[in-house]
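Biologist: Please take a close look at one part of this model, the packing of its helices, and then place that part in its wider setting. A formal account, with each term defined, would suit me best.

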Amino acid sequence: MAQKRVTVYVLSGFLGSGKTTLLTKAIDHFTEAGHKPAVIMNEIGEVNLDGQLVASEVPMSQLLGGCICCSSRGDLATALHELVTGEQPDVIFIESTGIANPLEIIDEVTDASLVIPVELKAVITVVDAPQLLELNRTSRGKTYRLMKEQIRCANLLLLNKTDLLEAMALQEVDALVREWNPHASVHFTVFSQIDMRLIEMLEEEGQTPFADAGHSTGHPNAEHAHASHHEAGHDHAQHEQDSHHHHSHSHVMAYTHFFERAVDSNAFEELVSKLPQEVYRAKGILSFSDTSSRFLFQYAYREMDFVKITPKGEVPDVAVFIGENFSKDAVRSALLKLEAMSDIAAES
Ligand SMILES: Nc1nc2c(ncn2[C@@H]2O[C@H](COP(=O)(O)OP(=O)(O)OP(=O)(O)O)[C@@H](O)[C@H]2O)c(=O)[nH]1
């Protein structure tokens, strides 16, 4: 008898679009429905901050400090193998980094499915609708092209953060993504809130769009998307270390800062609000000198958010800053200055 295959979903979408927000909801749903979910979390930074938001009983594999779509092939397959054999989950969610090209991940999962009992059911792409619209109206640069790629690969598209858009703007962004991907089902969401049955239905419909994907050939958009893969400038800082990689480089970079002491919350907020616009995503876990609890800090597309948190396990005070061609030294110096200010305040 054929072995039961573990369902795999890839969660795609640009940095800060709402993937983790969707992941936590999907985990709750599948758990309540009596299934056992597991997660493979990939982060560009050196620490797994998003993992803090996932219940500790959910088995999780972490691939940190790079993007699975371009770091050594095999890491993802190894993680899948270990989860499947060690935890026997019913469903695995792979949360890719915001800069991942899903085609590479589709490839790796489908390759892995030849030897591991897993089956890629769908790519779900979360779109930061206001950001996409703004990029469409203005720059149409590398980030825009990467978002387009992520949209083209999806079976299910969440046009997220619609709370920040007017009705007319919503129509505009809706038309855009439907033009790029007429095959996906498209949903307007706020905080990635969708009827989770839509995800299950993808499964029930028995869609196996990636079944023949030697190189994603089974997907209706694969050919199109692949043609634009190179032109899309699949550019990560990590690629710089990979001289054999055939893509162009150094589009997105990350700086991870480990704090040696608590800093003032207002001064930190001011620093973040003055970050150069090339830094478009940041997140961290911080202790502040003027608050008693620790905070999970989020900064996505110029919106800042702080949520009280009691981290799981030993987590240092840390923040990751992600963007394009910004000066890591400048960010580091500003943060060190902030820490020095805390020292002076403590002494006086
Ligand atoms: N206003 C608004 N904010 C949202 C919405 N969805 C998510 N956010 C916020 O956007 C920020 C980023 O959300 P995440 O779910 O962490 O995004 P992500 O795609 O996992 O981010 P990366 O892992 O860095 O790629 C958080 O502060 C969320 O609370 C939304 O619909 N509206």
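Modeller: Helices α4 and α6 are roughly perpendicular to each other, because that is the term for angles of 65 to 115 degrees (under 35 degrees counts as roughly parallel, over 145 as roughly antiparallel, and the rest as oblique). Their axes cross at roughly 80 degrees and come within 10 Å, α4 comprising residues 129-137 and α6 residues 167-180. An axis here is a line fitted to C-alpha atoms, for helices over the stretch in contact, and the angle runs from 0 to 180 degrees between N-to-C directions. Helices (H or I, at least four residues) and strands (E, at least two) are DSSP runs, numbered from the N terminus.

From α4, the contact draws on Ala129, Leu132, Leu133 and Asn136, and from α6 on Ala169, Glu172, Val173 and Leu176; residues are in contact if their C-beta atoms, placed from the backbone, lie within 7 Å. This contact of α4 with α6 has six nonpolar residues, one polar and one charged. Nonpolar covers Ala, Val, Leu, Ile, Met, Phe, Trp, Tyr, Cys and Pro; charged covers Asp, Glu, Lys and Arg; the others, Gly among them, are polar.

The model is predicted: local features need pLDDT of at least 70 and side-chain atom pairs count only at pLDDT 80 or more, whereas totals for chains, interfaces and linings use all residues. Residue numbers start from 1 along each chain as its sequence is written.

A second pair is α2 (residues 75-87) and α3 (residues 102-112), whose axes come within 9 Å and cross at roughly 50 degrees. These two helices are therefore oblique to each other. In α2, Leu76, Ala77 and Leu80 meet Ile105, Glu108, Val109, Asp111 and Ala112 of α3. The residues of that contact comprise six nonpolar, no polar and two charged.

As for the wider setting, the domain assignment, automatic or from a database, gives domain 1 (6-240) and domain 2 (253-347). In the contact of the domains, 13 residues belong to domain 1 and 17 to domain 2. The side of domain 1 that touches domain 2 has five nonpolar, six polar and two charged residues.

The ligand lies between the domains, because both give residues to the shell around it. Of the 21 residues around the ligand, Lys19, Thr20, Thr21, Gly98 and Gln298 come nearest; a residue is near a molecule or strand if its C-beta atom, placed from the backbone, lies within 6 Å of it. Two or more residues of the shell come from each of α1 (19-32) and β10 (294-300). Helix α1 gives the largest share, three residues. By class, the shell has five nonpolar, 10 polar and six charged residues.

Technical notes: Two residues are in contact if their C-beta atoms, placed from the backbone, lie within 7 Å.
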